[in-house]
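Let's take a walk through this structure together, one charged pair at a time. Keep the 3D view open as you read.

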Amino acid sequence: MAKKLTLNLITPEKQLLSNLEVDMVILPALLGEMGILPGHVKTIVQLGMGSLRYKKDGKEEEFAALGGFVEVLNDVVNVFAEGAELAGAIDEEAEKQKIKAAKESLSNKDADIDFELAELEIKQAIARMKVKKRHM
């Protein structure tokens, strides 16, 4: 029998995946996409924003990951994400509205606004929309 990976996906709100046996994990590392197969070297890597996918029995499932870090140890992949959402559950129209609202806040020069937070909201919404479009 072929070796498998055990995948855990955890966000501050909840654990999205727990001890799921998978064939491969592909994640958005901060410096580019990274693939993980059974037997992968011990690793800790910073998670970027983008598509986090896993393959199991020839099928692929996809999440939008929004930063965090990943630990790979003894064929266990622990993803500690700041946020993650299943691709099929992403509401594209809601993401467009988030981008619009954040851009309006940024353009209002008198407002007492946290510019870094507004820019982060835009980046996260764009990352979710890219995953949604890729999944369609």
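Before we start, one bit of vocabulary: a residue is called buried when its relative accessible area is under 20%, exposed when that value is over 50%, and partly exposed in between. Lys-98, with 40% relative accessibility, therefore counts as partly exposed. Also keep in mind that what you're looking at is a predicted model.

Let's stay with Lys-98 for a moment. Its side chain meets that of Glu-95 in a salt bridge, at 3.4 Å from N to O. Both residues belong to helix 1, which covers residues 92-107, and because they sit 3 residues apart there, about one helical turn separates them. Is Glu-95 buried or exposed? With a relative accessible area of just 3%, Glu-95 is buried. So this bridge pairs a buried residue with a partly exposed one.

How many salt bridges does the structure hold? The count is 7, and another of them joins Asp-23 to Lys-4, with N and O 2.6 Å apart. Here the partners come from separate parts of the chain: Lys-4 is in the segment before strand 1 (5-10), while Asp-23 is in the loop between strand 2 (15-22) and strand 3 (24-29), so the pair ties together parts that are 19 residues apart in sequence. Both ends are partly exposed: Asp-23 has a relative accessible area of 25%, and Lys-4 has 23%.

Next, look at Arg-53 and Glu-33. They form a salt bridge too, and their closest N and O atoms are 3.0 Å apart. Arg-53 is in strand 5 and Glu-33 is in strand 4 (residues 32-36), so this pair links parts that are 20 residues apart in sequence. Which of the two is buried? Arg-53 is, with a relative accessible area of 8%, whereas Glu-33 counts as exposed at 57%. These two aren't on their own, either: salt bridges with shared partners join Glu-33, Arg-53, Lys-55 and Glu-60 into one network.

Finally, leave the charges behind and find Met-49. This residue lies in strand 5, which runs over residues 43-56. Its relative accessibility is 33%, so Met-49 counts as partly exposed. Which residues join Met-49 in a nonpolar surface patch? They are Leu-117 and Leu-120, and together the three make a patch of about 220 Å².

Terms used:
Residues numbered from 1 in each chain as written. Predicted model: local features only at pLDDT ≥ 70, side-chain atom pairs only at ≥ 80, totals over all residues. Heavy atoms only, no water. Patch = residues over 30% accessible without salt bridge, like charges linked within 9 Å, V, L, I, M, F, W, Y side chains within 5 Å. Areas by Shrake-Rupley, 256 points an atom, 1.4 Å probe, with all protein chains shown as cover. Salt bridge = Lys/Arg side-chain N within 4 Å of Asp/Glu carboxyl O. Helix = DSSP H or I, 4+ residues; strand = E, 2+ residues; numbered from the N terminus. Buried < 20%, exposed > 50% of the residue type's maximum accessible area, 1.4 Å probe, protein only.
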